[in-house]
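Welcome, and thanks for taking a look at this model with us. Below is a short tour of a pair of annotated residues, some strands and the domain layout.

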Amino acid sequence: MQRIAVDMDDVIAAPLPKHLQLFNQRYNDNISINDLQGRYLTELRPHLEKEILDLLAEPDFFRDLDVMEDSQEVLELLDREYDIFIVTAAMELPTSFSAKYQWLEKHFSFLNKQNIVFCGDKSIVDADYLIDDNPKNLEVFKGQGILFNSPYNSHVEEFKRVDNWKDIKSYFIDNKK
Ligand SMILES: [Mg+2]
């Protein structure tokens, strides 16, 4: 079976809306997702960079994130024909391990626990495909990279881009033909 490695944040889990909401609440701001085209929140409010990153380091931040639309249904379908691995660069936020694992158990319980990979540098990942919203991870990946659309990466052009999980479904079904 071919392997598909799937990133977690902003691909199957949605930290961005929660991060923005928390930030706006705590720092009395009014930034929307549309303000983030091609930019990170830390670039918009550089003087609050530490505070912005600290929100993500709160141990419960990742526990109650929304699931990205259609990701469960499509992964459950692809799981029959591919070996699915969830690969998250969790070393950036070691405080998130427990919440991330519990979130996966809750929302993606059909996936094999042995196929959950918490890592640092994703160049170690040996898979045929990597679906990720971060171009840096795709740059070091040796297989076929697939860029999952996100406001941050709207300017990136060098990778195959998918807008949502319906696109991913079509991509893999068409690939099989
Ligand atoms: Mg990500």
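Let's start with D7, which is buried, with a relative accessible area of 6%. Keep in mind that this is a predicted model. D7 belongs to the loop that connects β1 (3-6) and β2 (13-14). Beyond the residues up to four places away in sequence, D7 touches I12, V87, T88, K122, I131, D132 and D133. One of these partners deserves a closer look: the side chains of D7 and K122 are joined by a polar contact of 3.0 Å.

D9 is found in the loop between β1 and β2 as well. Is D9 buried or exposed? Its relative accessibility is 17%, and because buried means under 20%, D9 counts as buried. With neighbours within four places in sequence left aside, D9 is in contact with P15, F62, L65, T88, K100 and D133.

Why look at these two residues together? The UniProt record, an unreviewed entry, places the feature "active site" at D7 and D9. From this set, both D7 and D9 are part of the lining of the largest pocket. Here are the two residues in brief:

| Residue | Relative accessible area | Contacts include |
|---|---|---|
| D7 | 6% | T88, K122 and D133 |
| D9 | 17% | T88, K100 and D133 |

Now to the strands. How many residues of strand β7 (residues 144-148) are buried? Four of the five are, so β7 is largely enclosed by the rest of the structure. Strand β7 has a pairing partner in strand β6 (residues 129-132), parallel to it and linked over four bridges. Within this pairing, D132 has L147 of β7 as its bridge partner. D132 has already appeared in this tour, among the residues that D7 touches. Strand β7 also runs parallel to strand β8 (residues 160-162), and three bridges join the two. Here F148 is matched with V162 of β8 as its bridge partner. As a general point for reading such strands, side chains in a regular strand alternate between the two faces of the sheet.

Finally, let's step back to the whole chain. The protein is divided into domain 1, which covers 3-14 + 65-176, and domain 2, which covers 15-62. Where the domains touch, the contact takes 15 residues from domain 1 and 15 residues from domain 2. The C-alpha centres of domain 1 and domain 2 are 22 Å apart. With these bounds in hand, the contacts of D9 are worth a second look, since they include P15, F62 and L65.

Key: Residues numbered from 1 in each chain as written. Predicted model: local features only at pLDDT ≥ 70, side-chain atom pairs only at ≥ 80, totals over all residues. Heavy atoms only, no water. UniProt positions renumbered as here; feature names shortened; annotations may be inferred. 1 Å grid on protein atoms, 1.4 Å probe; cavity = no way out; pocket = protein on both sides within 12 Å on 5 of 7 lines; lining within 4 Å. Buried < 20%, exposed > 50% of the residue type's maximum accessible area, 1.4 Å probe, protein only. Contact = heavy atoms within 4.5 Å. Polar contact = N/O pair within 3.5 Å; in protein donor to acceptor, adjacent residues only side chain to side chain. Pairing = 2+ DSSP bridges. Domains from an automatic or database assignment.
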